[in-house]
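Visitor: I'm new to this one, and I'd like a close look at just one part of it. Could you pick a spot and walk me through what surrounds it?

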Amino acid sequence: GTQFASMLSPVPRPVHLKLFLGIAALLLSACEAARLPPHIGRVRGGAGEQQLSKDEMFAFDEALPWLSYVREHGVQQFVAMFHDNKALTSDELLWGDEIEYHLVRLDEKQKTAKVALRAEEVLEVLRQKEHQFGRRDGFGEACSWHPEYGAWMVEGTPRVPYGGYTADLRRVEHNMRLRRKRLAAVLRPDERAITMPAFPTLGVGDFAEPAAAAGNDATLSASAPDALITPLPRFHALTRNIRLRRGSKVDIRAPLLRDAKTDAAELARGIEMDAMAYGMGCCCLQVTFQARDIDESRHLYDHLAVLAPVMLALTAATPVLHGPPISPQLSPYLPISPHISRPEGG
């Protein structure tokens, strides 16, 4: 690079500009001549170009006749695709982070904090602004926005993935700050985007703004109405079908914090939660990798399998769950698995 710069240094700057413009014109002409797709050579796409489908889903009883077919042919399809693509390799490692936010409304006069059930509205504004103002050429940081399970939850990712160079590590914090800044800009003055695993008083008393509408056809929950679920058919069908497959409501238990005033019966019962929202309503930071080939994928998986539990323990941040304080030994994501598993003996 130094030698190349020294070779060009005697050339006057106007010539530099003419050379650059000439090369750019040639590249654009080549793209046109080759009739490449519109996004190649002109606008770089990224995460968030496609959103979750709003198609209706099968109910559990409607899906039952197809389960054996899907299992058999799903395995066959996976094996066939694996053999077709196992030799493919990419030039670089690509990866990205996903941050999930709780939207919370703070009432300074009443000293209350409630989940703000406005995620769908906020996401629509964010997408419009991102499409209008966000960088789409790959040369600057931009954001992508996605729905989550909860109607008070928003997920943000970088539009263009990070690469495998040291320079990409410097992009991470900058993009995280950009996401928070853009999200905060579309919230109301009394709203905040909170990054913590679980909202402490979810399902306790008057905990939502606006007040969650009654009705729990999907959850049958006594404390978490269906209005807490993002209004996408996928999430409602997932909630209903998992309950039907289990044959009972979700039953999540967390150990209660033991202190001098804890009643023995309450300690034995623990914290009881009867809806997927208490698990799927947790927010987190995730990292997704697209390795160069299957060998690098295996290498990453083996290392991350060891590191992930350590990082989970180091970042534990759920002192309160569904009202009361929980045992400090609880991993913040233990509540997620019981809402999917079958009951004992099921």
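Guide: Let's go to Asp226: a polar atom of its side chain lies 2.8 Å from the backbone nitrogen of Asp217. That same side chain also makes a polar contact with the side chain of Thr219, at 3.2 Å. Keep in mind as we go that this is a predicted model.

To find the spot, look at the loop between strand 6 (208–209) and helix 7; Asp226 sits there. Leaving out residues up to four places away in sequence, Asp226 touches Gly215, Asn216, Asp217, Ala218, Thr219 and His236. Now, is this residue buried or exposed, and how does its charge fare? Asp226 is buried, yet it has no salt bridge. The nearest side chain of opposite charge belongs to Arg240, and that is 5.3 Å away. A salt bridge needs the side-chain nitrogen within 4 Å of a carboxyl oxygen, so Arg240 at 5.3 Å doesn't make one with Asp226.

Move along the chain to Leu228 and you meet the largest nonpolar core, which has 32 residues. Leu228 is among the members that touch the most others, along with Val115, Leu117, Trp152, Leu202, Met273 and Tyr278. Helix 7 (233–246) gives two or more residues to this core, and so do strand 7 (252–254), strand 8 (271–273) and helix 9 (277–280). If you set aside neighbours within four places in sequence, Leu228 is in contact with Leu117, Tyr149, Gly150, Ala151, Trp152, Leu202, Phe207 and Ala212. There's also a second, separate core of 16 residues, including Ala119, Val122, Leu123 and Val154.

Stepping back, the protein has 10 helices and 9 strands. Of its 346 residues, 32% count as buried. Among contacts between residues at least 6 apart in sequence, 72% join residues at least 24 apart. For one pair set well apart along the chain, try Asp107, in strand 1 (residues 94–107), and Glu191: they are 84 residues apart in sequence, with their C-alpha atoms 9.0 Å apart in space. Asp107 also has a side-chain polar atom 3.0 Å from the backbone nitrogen of Lys109.

How confident is the prediction? The mean pLDDT is 81, and 77% of the residues reach 70 or more. Residues 1–21 stay under 50, and the model gives them 2 contacts beyond four places in sequence. The pLDDT is also below 50 over residues 29–45, a stretch with 14 contacts beyond near neighbours in sequence.

Note on methods: Residues are numbered from 1 along each chain as its sequence is written. This is a predicted model: local features need pLDDT of at least 70, side-chain atom pairs count only at pLDDT 80 or more; totals for chains, interfaces and linings use all residues. Side-chain values use heavy atoms; hydrogens and water are left out. A nonpolar core is a set of buried Ala, Val, Leu, Ile, Met, Phe, Trp, Tyr and Cys residues joined through side-chain atoms within 4.5 Å. Buried means under 20% relative accessible area, exposed over 50%, partly exposed in between (1.4 Å probe, protein chains only). Helices (H or I, at least four residues) and strands (E, at least two) are DSSP runs, numbered from the N terminus. Contact means heavy atoms within 4.5 Å. pLDDT is the predictor's confidence in each residue, from 0 to 100. Lys and Arg count as positive and Asp and Glu as negative; His and the chain ends are not counted. A polar contact is a pair of N or O atoms within 3.5 Å; within protein, one must be able to donate a hydrogen and the other to accept it, and residues adjacent in sequence count only if both atoms are side-chain atoms.
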